[in-house]
Amino acid sequence: MQQQRLLIGVGNTFRSDDGVGRVLAHQIAEMDLPGVDVVEATGEGAALMDAWQGYARVYILDAVSSGAIPGTIYRIEAHREPVPTGFFHYSTHAFSVAEAIELARSLDLLPERLILYGIEGTCFDHGVTLTPSVEEAGRTVVKQVCVELGSPRISDEPGDTDARSVSDE
């Protein structure tokens, strides 16, 4: 029996690249993947911890701002390694993705597997469109997440993932 999985798209769709997580979550939700629940969230920490409760496998998609090249993709196995808090400084909440994950870790409330995909943004100003580099990276992330979720609906192109682990830095 396949365990239920959760995908959470985080962001603010009215702040350009900050909305990438929600945009991608919406795209994946339209695929109606079996055994995958998809939700969109603002990134408020307590709401995230509440959303993933009861799920063994959780994916979070969000924009990051680390100073890397726009469109850089990060894949963090948050159940195994800490999440750099500086990646998420554009959050409008003091208690956001990184803080929620680290608090859940300290309280032993992390899901069995928690994978965080971060896409380096460049524009966090008011606007409803993604920049080209973030949009392109988003296509790669959707393909990679669908492969990880075991979806037969995505044609996997060899060598199509450029995700970097934070530990590669």
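These are my notebook entries on one predicted model, covering its layout, a helix pair, the salt bridges and one residue after the last helix.

**Entry 1: layout**

I started with the elements. I find four helices and five strands in the chain. Reading from the N terminus, I get the order β-α-β-α-β-β-α-β-α.

Next I looked up burial. The chain has 169 residues, and 49% of them count as buried. I also checked how far apart in sequence the contacting residues are. Taking contacts with a separation of 6 or more, 77% come from residues 24 or more positions apart.

**Entry 2: α2 against α3**

I wanted the geometry of this pair. Two packed helices are described by the angle between their axes and the distance between the axes. Helix α2 covers residues 45-52 and helix α3 covers residues 97-106. Their axes come within 8 Å of each other and cross at roughly 55°. What do I call that orientation, with angles from 65 to 115 degrees counting as roughly perpendicular and those under 35 as roughly parallel? The angle falls in neither range, so α2 and α3 are oblique to each other. For the hand of the crossing, I noted right-handed.

Then I listed who meets whom. From α2 I have Gly45, Leu48, Met49 and Trp52. Across from them, α3 brings Val97, Ala100, Ile101, Leu103 and Ala104. I sorted this contact by residue type: eight nonpolar, one polar and no charged. The polar one is Gly45, because Gly is counted among the polar residues here.

**Entry 3: salt bridges**

How many salt bridges does the structure hold? I get five. I went through some of them.

Arg22 with Glu40: the closest N and O atoms of this bridge are 3.2 Å apart. Arg22 sits in helix α1 (residues 20-30) and Glu40 in strand β2 (residues 36-41), so the pair ties together parts that are 18 residues apart in sequence. I looked up the exposure of Glu40 as well: partly exposed, at 38% relative accessible area.

Arg105 with Glu102: their side chains meet in a salt bridge at 2.8 Å, N to O. Both residues belong to helix α3, where they are three residues apart, about one turn of the helix. Arg105 is partly exposed at 27%, and Glu102 is partly exposed at 24%.

Arg75 with Glu77: this is another salt bridge, 2.8 Å from N to O. Are these two buried or exposed? Arg75 has 18% relative accessibility, and Glu77 has a relative accessible area of 18%. Both count as buried, because the cut-off is under 20%.

I then followed this pair outward. Arg75 and Glu77 belong to a network of salt bridges that also links Arg80 and Glu148.

**Entry 4: Leu149**

Last lookup: where does Leu149 sit? I place Leu149 in the segment after α4 (132-148). Leu149 is buried, with a relative accessible area of 6%. I also took the distance from Leu149 to Gly35. The two are 114 residues apart along the chain, and their C-alpha atoms are separated by 9.0 Å.

**Recap for myself**

The α2 and α3 crossing is right-handed, and the contact there has no charged residues. Among the salt bridges, I have Arg22 with Glu40 joining α1 to β2, Arg105 with Glu102 within α3, and Arg75 with Glu77 as part of a network.

How values were computed: Residues are numbered from 1 along each chain as its sequence is written. This is a predicted model: local features need pLDDT of at least 70, side-chain atom pairs count only at pLDDT 80 or more; totals for chains, interfaces and linings use all residues. Side-chain values use heavy atoms; hydrogens and water are left out. Axes are lines fitted to C-alpha atoms, for helices over the stretch in contact, and angles run from 0 to 180 degrees between N-to-C directions. Helices (H or I, at least four residues) and strands (E, at least two) are DSSP runs, numbered from the N terminus. Angles under 35 degrees count as roughly parallel, over 145 as roughly antiparallel, 65 to 115 as roughly perpendicular and the rest as oblique. A crossing is left-handed if the near helix is turned anticlockwise from the far one by less than a right angle, and right-handed if clockwise. Contact means heavy atoms within 4.5 Å. A salt bridge is a side-chain nitrogen of Lys or Arg within 4 Å of a carboxyl oxygen of Asp or Glu. Buried means under 20% relative accessible area, exposed over 50%, partly exposed in between (1.4 Å probe, protein chains only).
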